[in-house]
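Please open the structure in your viewer and keep the selection tool at hand. The stops below say what to select next and what is there.

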Amino acid sequence: MAYQSINPFTNQVEKTFENTTDEELEQTLTTAHQLYLDWRKYNDLEERKRQILKLGQILRERRVEYATVMSKEMGKLISEAEGEVDLCASFCDYYAAHADEFMQPKIIATTSGRAKVLKQSLGILVAVEPWNFPFYQIARVFIPNFIVGNPMILKDASNCPASAQAFADAVKEAGAPADSLTNLFLSYDQVNKAIADKRVAGVCLTGSERGGATVAKEAGANLKKSTLELGGNDAFIILDDADWDLVEKVAPAARLYNAGQVCTSSKRFIVLEKDYDRFLKMMKDAFSKVKMGDPLDPLTTLAPLSSKKAKEKLQKQVDTAVENGAKVYYGNKPVDMEGQFFMPTILTDITPDNPIFDTEMFGPVASVYKVSSEEEAIELANNSSYGLGNTIFSNDSEHAERVAAKIETGMSWINAGWASLPELPFGGVKNSGYGRELSSYGIDEFTNKHLIYEARQ
C-alpha cells in the first residue's frame, strides 16, 4: 500500500510517504503502553485539558494552512476545509469544558452499602480513519479519548497522509506527550497485528462495510472492543406540511456538500406524488448552476472527487443503475476538465430490484423517489440495510418527531441537512455500524466502568 498525496484537481503526486516498519510499530506499542500506565498512575486530567485547549488554539491560528493541505490532498473546497478545522477546534473547547463532568464518578443508589462507578482509561486504541474529512474524522475519536487517557495509534487513508501527519504534528505542538497520537503508515496486515497485540484495548473505524467487517472480525477474535461507522444511504423525506422555501435552500447542499462524499449526506430523496415534479425541477436548477474548478478558488462551488478511483467507482454505480432501469433526469455526462470532476446527476425510477437501490453512492448523485403517502415514505426509508441518519421536513415539529421515531436509524435531523456538533452523539444502526462518537457517549465508549462497592456491615 503506497501512501501518496495526489492532488485530485491537478492529478499531480505531491508527496509519497514511506510505509511504517514492523520495528517502528513495535516501538510505538511499547512507548504508547507506557504512556497509558503513566496516565493511569498520575491521572493528569488537568494537564490534558490544557493541552487540548492549546490544540484548539493552534487549529484556529493555522486554519488556512491546514485547510489548504486538505484541499490539495482530497479536493475539498477551501471554505469547507476551513469550516472543518474550526469544527475540530470546537471539539477541543467542548471536551476541555466538560471533562470533569464526563469523568466524574457516578454514585449508585443502594441500601446495601456504598457504591460508585469510576470511569477509567482502557489502554491503547487503534483508529482506522477515512479520507473524506481528513481532520474531523481524527479529531472525533482522538480528542475524547485523549481526555480519557487512552493513547491512540492512527492508520489513516492512504490518499491523505499529509493531512493525517499535519494533525498529529499539531497535537505534538500543543504539548501532548509523545505517543498521545501516533500517525503510522501501516499495511492492513500491520493493523491486524496491532489489534491483536495485548497492549491494545480497542479499535475504532470509519469506512466501508467490508473494512468494518474485517476489523470487527479481528477485534472479536482477540476480545477487543470496537466501534464502527460504515456509511449510509440516508433518506430525505419531504412531508405534506413541509416549508418549501426551506427545502429549496437545504436539499441541493444536502447532496452536494463535500462533493457528495459524506456518510450522512442525503442520498435518497423521498417526495410525495404531488410535489415530485416540483422537486425534480428545483434540484435540476440547483445542480445546473454549480461551478466546478480549483477547490482553492473561493468562486468554485463543486470540487473534484477525491481520486480517480472514487470517480470510476461512482460512474460504474450510475451505469449499473441505468442498465437496470433507472432514468437519468439530469447529468451523467463527461466533464471536460482536468481533475476528478463528476457532473451532478439526478436519477429516478430506481426500483427495489435495482442493484443500486441498497448501495451508497459516494458523490454528487441524487436518487429521487415518488411515494403516494407518508406511510409509504417511512416504509421506503426503512427499506435499506443502512441506518446512519435521515432528514425530515415538516412545519409541525411534533409531526416530524413522530415520523423520525419510526425511522430505523441512529440520527434524525428535522428541517436541516446533516450536522455534526461536539455535543451531539454520532453513529448508526444496521450495516451503518455500532457505537457512538462525540458528546458524553464518545467518552463512554472506551472507558472501564469500574464499580467500587462497600457492603453495609
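Where is the place of Thr227? Select strand S9, residues 225-229, and you will have Thr227 within it, strands being DSSP runs of E of at least two residues and helices runs of H or I of at least four, numbered from the N terminus. Before going further, note that this is a predicted model, in which local features need pLDDT of at least 70 and side-chain atom pairs count only at pLDDT 80 or more, while totals for chains, interfaces and linings use all residues. Residues are numbered from 1 along each chain as its sequence is written, and side-chain values use heavy atoms, with hydrogens and water left out.

Thr227 is buried, with a relative accessible area of 4%; here buried means under 20% relative accessible area, exposed over 50% and partly exposed in between, with a 1.4 Å probe and protein chains only. Leaving aside neighbours within four places in sequence, Thr227 is in contact with residues including Val203, Leu205, Tyr434, Glu445 and Phe446, contact being heavy atoms within 4.5 Å. Stay with Phe446 and add Lys225, whose charged end sits over the Phe446 ring, 5.2 Å from its centre; the rule asks for NZ of Lys or CZ of Arg within 6 Å of the ring centre and within 35 degrees of the ring normal.

Next, select helix H6, residues 161-173, which has 13 residues and reaches 18 Å from its first C-alpha to its last, close to the 18 Å expected at 1.5 Å a residue (1.5 Å times one less than the number of residues). Among the buried residues of H6 are Phe167, Ala168 and Val171, and the helix is followed by Gly175, whose phi is positive, near 95 degrees.

Adding Leu181 brings these three together, since Leu181 touches Phe167, Ala168 and Val171, as well as Ile138, Phe142, Met152 and Leu154, not counting residues up to four places away in sequence. Phe167 and Leu181 are among the residues with the most contacts inside the largest nonpolar core, which has 63 residues; such a core is a set of buried Ala, Val, Leu, Ile, Met, Phe, Trp, Tyr and Cys residues joined through side-chain atoms within 4.5 Å. Helix H4, residues 78-103, supplies the largest share of this core, 13 residues.

Phe167 also belongs to one aromatic cluster with Trp39, Tyr66, Phe135, Phe142 and Phe146, where rings of Phe, Tyr and Trp (its six-membered ring) pair if their centres lie within 6.5 Å, with planes under 30 degrees apart counted as stacked, over 60 as edge-to-face and the rest as tilted.

For the charged pairs, select Glu26 and Arg199, whose side chains meet in a salt bridge at 3.0 Å, N to O, the rule being a side-chain nitrogen of Lys or Arg within 4 Å of a carboxyl oxygen of Asp or Glu. The pair links distant parts of the chain, 173 residues apart, with Glu26 in helix H1 and Arg199 in the loop between helix H7 and strand S8. Glu26 is partly exposed, at 36% relative accessible area, whereas Arg199 is buried, at 18%.

Which residue forms a salt bridge with Lys119? Select Asp444, whose closest N and O atoms with Lys119 are 2.8 Å apart; Asp444 is in helix H14 and Lys119 in strand S4, 325 residues apart.
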